[in-house]
Amino acid sequence: MLQLFTEKFVREGVWMASIKEQEQARMDMVVTKVKEAIAKDQANLASVEADKKAIQADFSNNVRIKTSTYSGMMETALTVRQQQQLLQERENNMQQASRRLEILEKLEKKPYFARIDFEEEGEGKEEKIYIGLGSFTDGPDKFLIYDWRAPISSIYYDGGGLGEVSYQTPDGERKVDLRLKRQFMVEDGKIKVVFDTDETVGDQMLLEVLDENSDTKMKSIVTTIQREQNKIIRDTSSDLLFVQGAAGSGKTSAVLQRVAFLLYRYRGKLTSSQVILFSPNQLFNDYIDQVLPELGEQNMVQLTYYQHVKRRLPKLHVETLQERFEEDQAPLKQKVKRLKDSLDFFKASKAYGAYLERKGMRFKDLRLGGEVFFSKAHIKQIYYSFNENYHLRNRLEATKERLVKELNGQINRYAKSDQVQKAIQDLSQEQLNALYGDHPRNFANGEKELNFLGRQYVMHAFKPLHQAIIKNHFLSINGQYVHFLKSVPALVDLAKYDLTKEEWQLELAQVVADLKAKKLALSDVTAYLFLYDQISGKRGQTDIKQVFIDEIQDYTAYQLAYLKEEFPRAKFTMLGDLNQAIFTHENSHSLLKELGTMFPQDKTKVVQLTKSYRSTQQITDFTKEILLHGEAVTAFERAGEKPRLTTAKTEADLIADVVARLKQNQADSLTTAVIGKSLAECEALTQALRAEGQAVTLIKTENQRLAAGTIVVPAYLAKGLEFDAVIMWQANAKNYHADSDRQLVYTICSRAMHRLDIFVSGQVTPLFDRIDPKLYELITK
Ligand SMILES: Nc1ncnc2c1ncn2[C@@H]1O[C@H](COP(=O)(O)OP(=O)(O)OP(=O)(O)O)[C@@H](O)[C@H]1O
C-alpha cells in the first residue's frame with residue numbers, strides 16, 4: 001500500500017516537474033516579448049520627450065511677444081495657446097507611455113500568476129488564458145496575458161472546484177466549463193512553484209502567502225483573492241456596499257483591490273482623484289499606500305475623518321484621537337453622545353435648517369474702524385425681507401448682494417463729501433498714483449477725475465468691510481450653533497435618549513464654555529459644520545464618484561449622513577467589523593439599521609466575510625472567544641503556537657519576560673508590536689524596555705511612520721495594522737473591565753499574525769473568563 005502511495009507521489013512529482021518546464025518555456029517566451037515591448041516603449045518615450053523639448057525650444061526661439069497692437073496681442077495669444085495644446089498633448093502621451101512602461105516592467109518580473117483552461121458555452125473549443133497584473137497582447141486580440149480585472153479573469157477567483165461556473169460581463173452573465181486552474185509562484189521571471197487546484201489542494205498558494213512575514217507596508221492580494229472577496233471587488237450595482245467582516249478577513253485588502261478594479265472598469269470615466277478613502281488614522285494611511293502603486297494604479301485621495309473636518313475649522317481645537325479615546329466618559333456624557341451621534345440629531349439639524357428659512361438667524365454687526373456700519377438688526381431685516389421661495393443659500397446670497405449694493409451707495413455718497421475731497425488734495429503724488437492704478441488718465445473733466453479719485457479713496461478705506469461681507473463675517477456660527485442646541489428639546493424627544501431638559505441645559509453650558517475656549521468635541525464638530533453648510537449653502541462635492549470608508553464602526557450615524565450630503569453623487573463602500581467598535585461601543589450595532597434608512601433598499605448590498613486570514617488558527621480560535629458572538633468567525637487553517645498568557649504579581653516581575661519574548665521573536669525573525677492601552681502606559685514601558693537594552697520605537701502619534709523592528713503602540717493607533725507577533729501589555733482588570741472594552745481587547749489581540757503573548761500583573765481582565773483554558777497556555781510567575 002505504502003509503495004503504491006509513494007509511486008503515486010513520485011509519478012505526480014515527475015509530472016508536475018515536466019509541467020513546470022513547459023510552463024517556464026512559455027513564460028520565457030512571454031518575458032522576451034515583454035522585454036521587446038519595453039525597449040520599444042522606452043524608445044517611444046524618449047522620442048516623445050525629445051519632441052516635447054523641441055516644441056519648448058521652438059517656442060522660446062520663435063515666438064515674439066507682440067503687445068504694441070491689438071492684432072499683435074491676439075496673434076501672440078493664439079500662438080501661445082497652440083503651443084500649450086501641443087505641449088499638453090505630448091505631456092498626456094508621456095504620462096500614458098510611462099504608466100504603460102511601469103506595468104510592463106512589473107510584467108517582466110512576474111508576467112502572470114495563474115492560468116485557466118475552459119470552454120465557453122456554445123463555443124465548442126477549449127481556451128486557455130494566463131492572468132497577470134495587466135493585459136499584454138502580441139498583435140490585435142492576441143492576449144498573452146489577461147488583466148486580472150477582465151471579466152473572464154473572474155472565474156479564476158470565483159473558485160470552488162472545476163466544472164460549470166459563470167461570470168459577469170457588461171452584457172450579462174456567461175457560462176463556462178472550467179477545466180483547469182493553475183497557479184504560479186514566480187520570482188524574477190522564474191516559476192518557483194506550480195499548483196493545480198482541485199479539491200485536495202485548494203488553498204496551497206494562500207497558505208504560502210499567509211505564512212510570510214509582515215511588513216511595514218501592506219501588500220496586494222491579487223494572486224489569491226477569495227471568492228467572497230471577489231464579489232466585493234467586482235460589485236458595480238450598489239449605491240451602498242456594506243462589508244461586515246471579522247478581524248483579518250481581508251476587508252481592507254479587498255477594498256483596495258476594488259479601487260483598482262473600478263479604475264480599470266471605468267477607465268476614461270473615473271480617475272483616482274474622484275475616489276476618496278477615509279481611513280481610521282494617518283498611520284494606517286501610510287501602511288496601505290503601496291497597494292495601488294503595486295497594482296499599477298495611482299493612489300486615491302486618502303484622509304481621516306478628523307483631517308477632513310479639521311481643515312475646515314483651522315481656528316478651533318478639535319478633539320484629537322488620543323483625547324477622544326482616553327477621556328473618561330461620565331454617564332451623562334455618554335447619553336448626550338448617543339443623541340448627538342444619532343440620525344435623529346441629523347434630522348433635527350435639517351429641521352432646524354428649514355426653520356431658519358423663516359426666523360431664528362443670528363447675525364453680528366459689521367463694523368468699520370470700531371463703529372457699527374451695518375447693524376445685526378438691519379442685516380436680519382434684509383435677510384428675512386425676501387419671499388418664502390428663497391432658501392437659505394439664496395437668502396444669504398441676496399443679503400450679501402444687498403449689503404454690497406448699500407455699501408456702494410455709501411461709497412458714492414462719501415466719495416463726493418467735502419471731507420474726502422479735502423483728504424485727496426492732501427495726498428502725495430505717490431499716494432495718488434496708487435489710487436489711479438492702471439486706470440487710463442484721460443478723464444472728460446476735472447470733476448470726473450475728482451469723483452473717480454474720491455471713489456477709489458473710499459473704496460480703499462471700505463475694503464475690509466467689503467471683504468467681511470463677501471466672507472460672511474456677519475454670520476454668527478457659534479451663536480447659531482448654541483441656538484440650535486437650545487432648540488433641540490423642541491426637535492428631538494430627549495426622553496428617548498434618557499435625557500431630561502435640565503441635563504440638556506448642563507450640556508449646553510459645557511458647549512458654550514468649550515466654544516469660548518475655542519474648542520469643540522468631535523461629536524459636535526459635524527453638527528457644527530453641517531449647520532454652517534446649510535446656512536452658507538455649500539454645495540456637495542459632485543465630482544467625487546466613489547467614497548470608501550474603512551472601520552465604519554467608529555463612525556456615527558450623524559457623520560455618515562453628513563458624508564452622504566457632502567458627496568451627493570458618490571457610491572459608497574463601507575467596511576467594518578461591528579465587533580471592533582472602539583469609539584462608538586454599543587451604538588455600532590444600531591448603525592447598520594440606521595444606514596438602512598439612508599440608502600434605497602434595492603441599491604444596498606451587505607456582504608459578510610467570516611473567514612479570518614490574518615492569524616493562525618490558534619490565534620483566531622482564541623480571539624473569537626473574547627467576543628460574545630464570536631462563533632460566526634472561522635479561522636483559516638494555518639497552524640501555529642497557542643497564545644500565551646503570562647501573569648505575575650508586579651509589573652517589574654514581567655519586564656524580564658517581555659524582554660525574553662522580544663529576543664525570541666527576533667531570533668525567529670518575527671517583528672513584534674507591543675500594544676498597551678494608553679499612551680502613558682506605553683511611554684513607561686518603552687523606558688523600561690530601553691533600560692533593558694531593547695531598541696524599541698514608541699509610536700506616539702498617528703503622524704509617525706511605522707518603523708521596522710519592535711514598536712510600542714497605544715491600542716487606538718493599532719487599528720487596521722498587523723504584526724508577526726503581538727505582545728498585549730497589561731491586560732489587567734483595571735484597564736479592561738467593562739463589556740464595552742471587549743471590542744478593544746479583540747482588536748488588540750487580532751493584530752497578531754503568527755504569535756500572540758499577553759502579559760498581566762495583578763488581576764487578569766474578566767473578559768478572558770469565558771475563553772476555554774485549552775485555547776491558551778497559562779504561565780504564572
Ligand atoms: N485573499 C487573500 N489572499 C492573501 N492574503 C489575504 C487575503 N485576504 C486577506 N489576506 C491577508 O489577511 C490579512 C488581513 O487582511 P486585512 O487587513 O485586509 O483585513 P481586515 O478585514 O481589514 O482586518 P481588520 O478589520 O482586522 O483590520 C492581511 O495580511 C491580508 O494580506
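Which residues of β15 point one way, which point the other way, and are they buried or exposed? Select β15, residues 546–549, to find out. Gln546 and Phe548 point one way from this strand, while Val547 and Ile549 point the other way. All of these residues are buried. Keep in mind during the tour that the model on the screen is predicted.

**Stop 1: the neighbours of β15**

Stay on β15 and add strand β9, residues 275–279. The two strands pair in the parallel sense, and four bridges hold the pairing. To see one position in detail, select Ile276, which stands opposite Val547 of β15.

Now add β16, residues 571–576. β15 also pairs with β16 in the parallel sense, over four bridges. Val547 turns up again here, standing opposite Phe572 in β16. Another pair to pick out is Ile549 and its bridge partner in β16, Met574.

Next, show helix α21, residues 557–566. β15, α21 and β16 together make a right-handed β-α-β unit.

**Stop 2: β16**

Keep β16 selected and add strand β8, residues 240–245. β8 and β16 pair in the parallel sense over five bridges. Click on Gln244, and then on Gly576, its bridge partner in β16.

Is β16 enclosed by the rest of the structure, or open? Five of its six residues are buried, so the strand is largely enclosed.

**Stop 3: two helices**

Clear the selection and choose helix α13, residues 376–383, together with helix α14, residues 392–416. Two packed helices are described by the angle between their axes and the distance between those axes. For α13 and α14 the angle is about 125 degrees, and the axes are 9 Å apart. The two helices are therefore oblique to each other. The crossing in which α13 passes α14 is right-handed. Show side chains for the residues that make the contact: from α13 these are His378, Ile379, Ile382 and Tyr383. From α14 they are Leu392, Arg395, Leu396, Thr399, Arg402, Leu403 and Glu406.

**Stop 4: a sheet of seven strands**

Move on to the open sheet with the strand order β22-β23-β21-β24-β25-β20-β26, in which the pairing is parallel. Its edge strands are β22 (697–698) and β26 (777–780), each of which pairs on one side only.

Within this sheet, select β21, residues 672–676, and β24, residues 723–729. These two strands run parallel and are joined by four bridges. Val674 stands opposite Ile727 in β24.

Then add helix α25, residues 679–691. This helix lies across β21, β22, β23 (711–714) and β24. α25 runs at about 165 degrees to β23.

**Stop 5: Thr620**

Finish with a single residue. Thr620 belongs to helix α23, residues 617–624. Is Thr620 buried or exposed? Thr620 is buried, because its relative accessible area is 2%, and buried means under 20%.

Which residues does Thr620 contact, leaving aside its neighbours within four places in sequence? Select Ser612, Ser615, Val633, Thr634 and Ala635 to see them. Last, draw a distance from the C-alpha of Thr620 to the C-alpha of Ala752: it is 9.2 Å. In sequence, Thr620 and Ala752 are 132 residues apart.

Notes: Residues numbered from 1 in each chain as written. Predicted model: local features only at pLDDT ≥ 70, side-chain atom pairs only at ≥ 80, totals over all residues. Heavy atoms only, no water. Buried < 20%, exposed > 50% of the residue type's maximum accessible area, 1.4 Å probe, protein only. Pairing = 2+ DSSP bridges. Right-handed = clockwise from strand over helix to strand, strands pointing away. Axes fitted to C-alpha atoms, helices over the stretch in contact; angles between N-to-C directions. Parallel < 35°, antiparallel > 145°, perpendicular 65-115°, else oblique. Left-handed = near helix turned anticlockwise from the far one by under 90°. Contact = heavy atoms within 4.5 Å.
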